[in-house]
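Here's a walk through one model, aimed at someone who would rather be at the bench. Have a look at it first, then read on.

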Amino acid sequence: MSQFLQYMVAGVALGAKYALVALGFVIIFKATGVINFAQGGLVMLGAYLTYNFGVTWDLPFWVAVAMAMVVTALVGVVIERVILRYMVGRPAFALIMITVGLLFILQQVTVAIWGDDALNLGDPWGLGTFRIGDIVIQERDLWAVILAAAAVAVFFVFFRYSSLGLAMRATAIDQEAALAQGMSAKRVHAAAWAIAGATGALAGVTIAAGSASLDPSIQFIALLAFPAIILGGIDSPLGAVVGGLVIGITQSLTNGYQAEYLAFLGSGFQSVMPFVVMVLVLLVRPYGLFGTPEVKRV
């Protein structure tokens, strides 16, 4: 039982990281209807900016994180203002391919500035651990869960009580009606990209925490987070969190038990299992667990 609980704790921590990445995807999709494959690049950029502010500039860690979130949010706004604003009304496929191109551009810029060697983020947790009974918990995993919970709480308050949050919800439900009520679609889109950038930076910090764990490959966490987005519902922040936790726990349990009970599936199957779960759920619920069904008149 203690081994099972150990795997569950690790799964929840991993799921919290997936949830932070997924929230960035969801906010962009809700506001613009675009699946933003550049989110992995924003995650990577945010982590490297934290390294730059915290290690290179020797600022306190939490100051470095805050500054990285602000700068990555500004990068998101620049992307929306300079590139994507002129693609409004264009085919969705073109928009998606632009975000794919932006992912590679962000990757190349990041490598050109910081190189591709593994770096130590300089986080205050390092590889520290503590115990609850027989369960060993890494401090960085606990903070990943805390930060994810805080982000979800901020999202809830923002969307429910702020005027901009209400405008974003209205635009997501019916953009034409929102525009008719005087809401600015440009402002909503810019805000969505800013929030996605800030959330991506926070996700990057939780992913890269630990000794020499920061390298350009962290951008690929977005691919592993994608099943969480689809599973939960691509337009649902709650679904992003639930999907992230489900995928994280599934991946952790697979990693723990697959070699013992399903060794014939080969090593590395834990990276495939999230997509297996995604396919099975979509067969039953095509819009995900909390996604909004699209109703078309015939």
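What follows covers a few helices, a pocket and some single residues.

First, the ground rules. This is a predicted model, so keep in mind that local features need pLDDT of at least 70 and side-chain atom pairs count only at pLDDT 80 or more, while totals for chains, interfaces and linings use all residues. Residues are numbered from 1 along each chain as its sequence is written, and side-chain values use heavy atoms, with hydrogens and water left out.

**Helices**

Helices here are DSSP runs (H or I, at least four residues), numbered from the N terminus, and strands would be E runs of at least two. Start with helix α1, which takes in residues 2-32. Its 31 residues should span 45 Å at 1.5 Å a residue, and its end C-alpha atoms are indeed 45 Å apart. The expected span is 1.5 Å times one less than the number of residues. Just after α1 comes Gly 33, with a positive phi of about 80°.

Now bring in helix α10, residues 237-261. The axes of α1 and α10 come within 5 Å and cross at roughly 145°; axes are lines fitted to C-alpha atoms, for helices over the stretch in contact, and angles run from 0 to 180 degrees between N-to-C directions. The crossing is right-handed, meaning that the near helix is turned clockwise from the far one by less than a right angle (anticlockwise would be left-handed). Sorted by class, this contact between α1 and α10 has 20 nonpolar, eight polar and one charged residues. For the classes, Ala, Val, Leu, Ile, Met, Phe, Trp, Tyr, Cys and Pro count as nonpolar, Asp, Glu, Lys and Arg as charged, and the others, Gly among them, as polar.

Helix α5 (residues 139-161) has 23 residues and runs 33 Å from first C-alpha to last, close to the expected 33 Å. Its buried residues include Arg 140, Asp 141, Leu 147 and Phe 155. Buried means under 20% relative accessible area, exposed over 50%, and partly exposed in between (1.4 Å probe, protein chains only).

**A pocket**

Which residues lie nearest the centre of the second largest pocket? They are Leu 14, Lys 17, Arg 140, Ile 207 and Ile 221, out of 14 that line it. Two or more lining residues come from each of α1, α5 and α9 (221-232), and α1 gives the largest share, three residues. The lining has eight nonpolar, three polar and three charged residues.

**Single residues**

Here are four to click on.

| Residue | Where | Relative accessible area |
|---|---|---|
| Leu 280 | helix α11 (residues 273-284) | 52%, exposed |
| Asp 58 | loop between α2 (39-56) and α3 (61-82) | 64%, exposed |
| Ile 98 | helix α4 (residues 92-114) | 24%, partly exposed |
| Ile 218 | loop between α8 (185-208) and α9 | 6%, buried |

Asp 58 also has a phi near 60°, a positive value in a residue other than glycine. Most residues other than glycine have a negative phi.

Some distances round this off. Leu 280 sits 9.4 Å from Leu 231, C-alpha to C-alpha, although the two are 49 residues apart in sequence. Ile 98 and Phe 37 are 61 residues apart along the chain, with 8.8 Å between their C-alpha atoms. For Ile 218 and Ala 150, 68 residues apart in sequence, the C-alpha to C-alpha distance is 22 Å.

Conventions: 1 Å grid on protein atoms, 1.4 Å probe; cavity = no way out; pocket = protein on both sides within 12 Å on 5 of 7 lines; lining within 4 Å.
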